[in-house]
Amino acid sequence: MTTIALINQKGGVGKTTSTMNLGAGLSMLGKSVLLVDLDPQAHLTYGLGIQAHEFDYTVYEVLRGEVIAQEAILKRDQLEVLPSSLSLSAAEMELSGTAGREFLLKEALEGLPPRDFVLLDCPPSLGLLTLNALTAAQEVFIPLQTEFLALQGMSKLMDTINVVRKRLNPGLTISGIIGTQFDSRKNLNKEVVDKIREYFSDKVFSTLIHDNVALAEAPSYGQTIFEYRPTCRGAQDYLALCREAVARR
Ligand SMILES: Nc1ncnc2c1ncn2[C@@H]1O[C@H](COP(=O)(O)OP(=O)(O)OP(=O)(O)O)[C@@H](O)[C@H]1O
Ligand SMILES: [Mg+2]
């Protein structure tokens, strides 16, 4: 079982879009996949068309130890989803005084029957929820928008990952950098990709996720890109990324 945290404290870089569509693509490749929505915005949950009335528990109750993870997990076609809701926004404060507060997610997931992949969609911050993801994961994927200031904040992110490695999760590796919202017509985008490759070298996936409006539309229909528009550029890109991610292990 490989647990991967999709993380970047910068907002709007494609963490949720990538979690959703990597998950869907991996399941199309025959892998069993659990998606965990760790963001109180719950964009992953709602973007998959899961409505609040369909679930009694979220990752919030799981982190608080009120229910076991299996009880909160929903089946959505081939995917399994541990949903979130706005109530999770209280977790950072409420759990901040708890002993072992960084290990709550890891412990909750340990009790589950194994899946091939568990993908953790992180909020745009480096708070307790993200620390829980980094402690529970073996690997980190970092989506980076191929725009101006893509690498801004990277040293803070690297510092956080290094601290987690030292104190909480020695085996944690950065295994993939995903260039997102790439527009090949824009010279700036190409220059930024070069910079990203300079900074992270072979950790950068050779597949780039192009700017594709269908990727932004699909969640408003509660669909993955493979359900919404299976032949579009975005679907091709995410499937290629899944193949590359699988081939790397
Ligand atoms: N490749 C793409 N082409 C076009 N639009 C995209 C692409 N990737 C993401 N988007 C859109 O950009 C916005 C931000 O993407 P997304 O929600 O995945 O980012 P995020 O990093 O999860 O954001 P947050 O930090 O708020 O959680 C969304 O509206 C999404 O639909
Ligand atoms: Mg998100």
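Glu 244 is buried in this predicted model, with a relative accessible area of 14%, because a residue counts as buried when its relative accessible area is under 20%. Glu 244 belongs to helix α12. Apart from neighbours within four places in sequence, Glu 244 is in contact with Phe 205, Ser 206 and Thr 207.

## The sheet

Seven strands make up an open sheet, arranged in the order β3-β4-β2-β5-β1-β6-β7, and their pairing is mixed. The edges are held by β3 (74-76) and β7 (173-180); each has a single partner strand, so one side of each lacks a neighbour in the sheet. On average, and with direction ignored, neighbouring strands of this sheet are turned by 25 degrees against each other.

Strand β2, which spans residues 33-37, stands between β4 and β5 in the strand order. How many bridges connect β2 with each of these strands? With β4 (residues 79-82), β2 pairs in the parallel sense over four bridges. With β5 (residues 117-121), β2 also runs parallel, and five bridges join the two. Individual residues can be matched across these pairings. On the β4 side, Leu 35 has Val 81 as its bridge partner. On the β5 side, Val 36 has Leu 120 as its bridge partner, and Asp 37 stands opposite Asp 121.

Is β2 mostly covered or mostly open? The strand is mostly covered, since five of its five residues are buried. In a regular strand the side chains alternate between the two faces of the sheet. In β2, Val 33, Leu 35 and Asp 37 point one way, whereas Leu 34 and Val 36 point the other way, and all are buried. Asp 37 is therefore among the buried residues of this strand.

At the other end of the strand order, helix α8 (residues 154-167) lies across β6 (139-145) and β7, and runs at about 175 degrees to β6.

## The loop after β6 and its surroundings

The loop between β6 and α8 contains Phe 148. This residue is exposed, with a relative accessible area of 61%. Together with Leu 149 and Leu 188, Phe 148 forms a nonpolar patch on the surface, and the three have about 300 Å² of accessible area together.

Glu 147 is found in the loop between β6 and α8 as well, and its salt-bridge partner Lys 186 is in the loop between β7 and α9 (187-200). The two residues are 39 residues apart in the chain, and the pair links distant parts of it.

## Salt bridges

How many salt bridges does a search of the whole structure find? The search finds 13. Three of them are set out below, each with its closest N to O distance.

| Salt bridge | Distance (N to O) |
|---|---|
| Arg 64 and Glu 94 | 2.4 Å |
| Glu 147 and Lys 186 | 3.9 Å |
| Glu 217 and Arg 229 | 3.9 Å |

Arg 64 and Glu 94 are 30 residues apart: Arg 64 is in the loop between α3 (59-63) and α4 (69-72), and Glu 94 is in helix α5 (residues 91-94). Arg 64 is partly exposed at 38% relative accessibility, and Glu 94 is partly exposed at 39%.

For the pair described in the preceding section, Glu 147 is partly exposed at 24% relative accessibility, and Lys 186 is partly exposed at 38%.

Glu 217 and Arg 229 also link distant parts of the chain, being twelve residues apart. Glu 217 is in helix α10 (residues 213-217), and Arg 229 is in the loop between α11 (225-228) and α12 (233-247). Here too the partners are partly exposed: Glu 217 has a relative accessibility of 27%, and Arg 229 has one of 38%.

Which residues are joined into one network by salt bridges that share partners? Arg 64, Glu 66 and Glu 94 are joined in this way.

Terms used:
Residues are numbered from 1 along each chain as its sequence is written. Chains are lettered from A and ligands numbered from 1 in the order in which they are written. This is a predicted model: local features need pLDDT of at least 70, side-chain atom pairs count only at pLDDT 80 or more; totals for chains, interfaces and linings use all residues. Side-chain values use heavy atoms; hydrogens and water are left out. Buried means under 20% relative accessible area, exposed over 50%, partly exposed in between (1.4 Å probe, protein chains only). Two strands pair if DSSP finds at least two bridges between them. Axes are lines fitted to C-alpha atoms, for helices over the stretch in contact, and angles run from 0 to 180 degrees between N-to-C directions. Contact means heavy atoms within 4.5 Å. Patches are made of residues with over 30% relative accessible area and no salt bridge: like charges are joined within 9 Å, nonpolar side chains (Val, Leu, Ile, Met, Phe, Trp, Tyr) within 5 Å. Accessible areas come from the Shrake-Rupley method with a 1.4 Å probe; for residues, only the protein chains shown count as cover. A salt bridge is a side-chain nitrogen of Lys or Arg within 4 Å of a carboxyl oxygen of Asp or Glu.
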